[in-house]
Amino acid sequence: MMMKKILKFMVHRLFIVAVMLIIQLSIILLVLWKFQEYFLWFYIINLIISLLLLLYIINGKDNPSYKIAWAIPILTIPIFGTFCYVMFGGQKISKKTKIKLDKMKNKKILHLKQDKDVLTSLKDTSIDAYLQGNYLLKLANYPIYQNTKIDYLKIGQDYYKRLIEELKKAKKYIFMEYFIIHEGVFWNAILEVLKQKVKEGLDVRVIYDDMGCIVTLPSGYFKYLETLGIKCCTFNRFVPVLSARLNNRDHRKITIIDGIVGFTGGINLADEYINIGSKYGHWKDNGIVLKGDAVWNFTVIFLSLWDYLKNEKNDYDVYKPFIKNNQEKGYVIPYDDSPLDNENVGENVYLNMINKAKKYIYIMTPYLIIDNEMMVALTNASKSGIKVKIITPGIPDKKMINEVTKAYYPQLLESNVEIYEYDPGFVHAKTFVVDDDYAIVGTINMDFRSLYLHFECGVWMYQVDSIKDIKKDYEETLEKCHKVTLDEAKKIKFFRNIKRSFLRLFAPLM
């Protein structure tokens, strides 16, 4: 009965949102139609505005692919194209928001201090690894850590079991931040633990993305959680108004327990991620558990966003635990990426890893919609003799996006990049493994949304023991894939090829 009521709420909410957006779009089109009486002057004015806007876009700092994708509609349909860019293009930050972001950044820097001995140790171990780590330290302000144990979880079911296990051990606080939460076996089991921990007096907080949960949770679900004693807030609460704010979503998946244990990866709190009710065959996803010093980065990431959303001023030091030195091998950097800071951290970390590779690059991603910089890096690596392998879904969750992904296959295959599709179902894992030495597991897809528009996170690892487990899982997954040939990628019907070419052109806007 409760599930039916929640489902009714969700359908009702989505219907209202759709109607409101359609009404707004209809009003805009009606206004444009009414202006036909003055069409010539209106067109000339808009043409001038479009040309000025085009100059602004071309001279901006955006990725060239993004510029081209906007330039075409602005030139071909100047009135509508200009309006769309003004509404949805670029990153418009108010002065008030910028001040809040600067305060958030300064507070993060204040509480994230690099241990100089660790930095020196990494530099002495490998100058290549040091340069990669130093980028995250200098540009994203995230320190490099040792003394952190990492366990790799190769499937959602393992993540679910381990997450429940660790949540039950919590003594002080639990922080959770997820793109999607959905009522079902997974979330209900977590919720029962959270309710118990509230009764025990723990500080329990949840952040979820309102857009990500628009069809999985009823409007105002955060109020329900608060009645249970769980502190909760939504990221970019969805309002049915045409706005550029719709572009920026919180795509991160993080759990922090007592500042000692941290989880991340591709797994949201919904049943399909643990292969219950998946509509896309077997759902291949992964995650990692961190124990030790490096969890502090994630704690600060969460608290800084919480303060930003709730206008609070938490004392971060209260949440910093004392951790015994466990002498774990390797170096670890948990990091995040924001679309509002003019630094493409997620993509640059991937590019740095690709450019430092000497033997192989193994990538697992649900979407392969990349810009020219990433295409050049991957193809140059392959042309240089480095083995480059990419696993994508065999059964896609979004058919149109999968068509765009396949549009990139021929260019990669012609440079001897190997592409494999996961036959049993859908791949949602976001994984890099390079040369047995480096790995990244996180939330960052290889598409424009993740790399440029969403709030994301990941964990960079060097010489960590679990890298061998990540590689082993990759090789086992390869055995369940079929290798895409160049003939297969090119052997498509004429109109489908036209469709893919068109979609690829506008991929940066999807």
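This is a conversation between a student and a tutor about how terms are applied to a predicted model.

Tutor: Because the model is predicted, local features need pLDDT of at least 70 and side-chain atom pairs count only at pLDDT 80 or more, while totals for chains, interfaces and linings use all residues. Residues are numbered from 1 along each chain as its sequence is written, and side-chain values use heavy atoms, with hydrogens and water left out.

Student: Why is His-251 called buried?

Tutor: Buried means under 20% relative accessible area, exposed means over 50%, and partly exposed lies in between, with a 1.4 Å probe and protein chains only. His-251 has a relative accessible area of 6%, so His-251 is buried.

Student: What makes the pair His-251 and Glu-456 a polar contact?

Tutor: A polar contact is a pair of N or O atoms within 3.5 Å, where within protein one must be able to donate a hydrogen and the other to accept it, and residues adjacent in sequence count only if both atoms are side-chain atoms. The side chains of His-251 and Glu-456 are joined at 2.8 Å, so the pair falls within the limit.

Student: Which residues does His-251 touch?

Tutor: Contact means heavy atoms within 4.5 Å, and, not counting residues up to four places away in sequence, His-251 touches residues including Phe-179, Lys-430, His-454 and Glu-456.

Student: Why is the link between Glu-166 and Lys-291 called a salt bridge?

Tutor: A salt bridge is a side-chain nitrogen of Lys or Arg within 4 Å of a carboxyl oxygen of Asp or Glu. The closest N and O atoms of Glu-166 and Lys-291 are 3.6 Å apart, so the pair meets that rule. Glu-166 lies in helix H8 (residues 156–168) and Lys-291 in strand E8 (residues 287–292), 125 residues apart, so the pair links distant parts of the chain; helices (H or I, at least four residues) and strands (E, at least two) are DSSP runs, numbered from the N terminus.

Student: Are these two partners buried or partly exposed?

Tutor: Glu-166, with a relative accessible area of 3%, is buried, whereas Lys-291, with 28%, is partly exposed.

Student: How do you know that Arg-252 and Asp-250 form a salt bridge?

Tutor: Their closest N and O atoms are 3.8 Å apart, so the pair passes the salt-bridge cut-off. Arg-252 counts as buried at 2% relative accessibility, and Asp-250 counts as buried at 0%. A search of the whole structure finds 28 salt bridges.

Student: What makes Tyr-160 partly exposed?

Tutor: Tyr-160 has 22% relative accessibility, which places this residue between the cut-offs for buried and exposed, and therefore Tyr-160 counts as partly exposed. Tyr-160 is in helix H8, and, not counting residues up to four places away in sequence, touches Val-185, Phe-186, Ala-189 and Ile-274.

Student: What makes a set of residues a nonpolar core, and how many residues has the largest one?

Tutor: A nonpolar core is a set of buried Ala, Val, Leu, Ile, Met, Phe, Trp, Tyr and Cys residues joined through side-chain atoms within 4.5 Å. The largest nonpolar core has 150 residues, and Leu-378 and Trp-460 are among those with the most contacts inside it. The largest share of this core, ten residues, comes from helix H11 (residues 295–310).
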